[in-house]
Amino acid sequence: MQTFPLPPRCDRATVEALLPDLVAAVGTGPLTIDAAQVTHVSQALLQLVISARKTSDTVRIMPSQALSEIARMAGLAAILNESEPA
């Protein structure tokens, strides 16, 4: 399984820069998005990881506490926490 690490600060500019590499990684097979170090969560990041998870059933997200909390507040925790790919 390939791992795609995210930096601690994931604002809109960071997400825009990461997008092409993440799109390419999603198409290569099982993928873990390692967001364990993320402390700054933007709406763009939340959209990115939820979209990746919904795009492929082989994507797993390892969220940080900050990302988990934002997902919970947005009502998206169940999608974010679908930790085992099908």
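Buried means under 20% relative accessible area, exposed over 50% and partly exposed in between, with a 1.4 Å probe and protein chains only. This is a predicted model, in which local features need pLDDT of at least 70 and side-chain atom pairs count only at pLDDT 80 or more, while totals for chains, interfaces and linings use all residues. Residues are numbered from 1 along each chain as its sequence is written, and side-chain values use heavy atoms, with hydrogens and water left out.

**Exercise 1. Determine which residues of α2 are buried, and check the span of this helix against its expected value.**

Step 1. Helices (H or I, at least four residues) and strands (E, at least two) are DSSP runs numbered from the N terminus, and α2 covers residues 43-55.

Step 2. The buried residues of α2 are A44, L45, L46, L48, V49, I50, A52 and R53.

Step 3. The expected span of a helix is 1.5 Å times one less than its number of residues. The 13 residues of α2 should therefore span 18 Å, and the end C-alpha atoms of α2 are 18 Å apart, which agrees.

**Exercise 2. Describe how α1 and α2 pack, and name the residues that meet.**

Step 1. Two packed helices are described by the angle between their axes and the distance between the axes. Axes are lines fitted to C-alpha atoms, for helices over the stretch in contact, and angles run from 0 to 180 degrees between N-to-C directions.

Step 2. For α1 and α2 the angle is about 10° and the axes are 10 Å apart. Angles under 35 degrees count as roughly parallel, over 145 as roughly antiparallel, 65 to 115 as roughly perpendicular and the rest as oblique, and α1 and α2 are therefore roughly parallel to each other.

Step 3. With contact taken as heavy atoms within 4.5 Å, R12, V15, L19, L22 and V26 of α1 meet A44, L45, L48, A52 and T55 of α2.

Step 4. Within α1, the residues V15, L18, L22, A25 and V26 are buried, and the buried residues of α1 pack against β1 (2-5), β2 (9-10), β3, α2 and β5.

**Exercise 3. Locate the bend in α1 and compare the end-to-end distance of α1 with the expected span.**

Step 1. The bend at a residue is the angle between axes fitted to the seven residues ending there and the seven starting there; in α1 a bend of about 45° falls at L19, and a proline, P20, follows within four residues.

Step 2. At 1.5 Å a residue, the 15 residues of α1 should span 21 Å, and the end C-alpha atoms of α1 are 20 Å apart, which agrees.

**Exercise 4. Classify the packing of α2 and α3 from their axes.**

Step 1. The axes of α2 and α3 come within 11 Å and cross at roughly 85°, which makes α2 roughly perpendicular to α3.

Step 2. This contact is made by L45, L46 and V49 of α2 together with L67, I70 and A71 of α3.

**Exercise 5. Identify the residues that touch the most other members of the largest nonpolar core, and place L6 and L22 in the structure.**

Step 1. A nonpolar core is a set of buried Ala, Val, Leu, Ile, Met, Phe, Trp, Tyr and Cys residues joined through side-chain atoms within 4.5 Å. Of the 26 residues in the largest one, L6, L22, L31, I33, L45, V49 and L67 touch the most other members. Elements that give two or more residues are α1 (12-26), β3 (31-35), α2 (43-55), β5 (59-63), α3 (65-73) and α4 (77-80), and α2 gives the most, with 7 residues.

Step 2. L6 is found in the loop between β1 and β2 and, at 6% relative accessibility, counts as buried. Leaving aside neighbours within four places in sequence, L6 is in contact with L18, I33, D34, A35, Q37, V38, L45 and V49.

Step 3. L22 belongs to helix α1 and counts as buried at 2% relative accessibility; not counting residues up to four places away in sequence, L22 touches F4, L31, I33, L48 and A52.

**Exercise 6. Contrast the exposure classes of A36 and V38 and list their contacts.**

Step 1. A36 lies in the loop between β3 and β4 (40-41), and V38 is also placed in the loop between β3 and β4.

Step 2. At 35% relative accessibility A36 counts as partly exposed, whereas V38, at 2%, counts as buried.

Step 3. Leaving out residues up to four places away in sequence, A36 touches M62, P63 and S64; with neighbours within four places likewise set aside, V38 is in contact with L6, P7, P8, C10, L45, S64 and A66. V38 and S64 are 26 residues apart in sequence and 5.8 Å apart in space, C-alpha to C-alpha.
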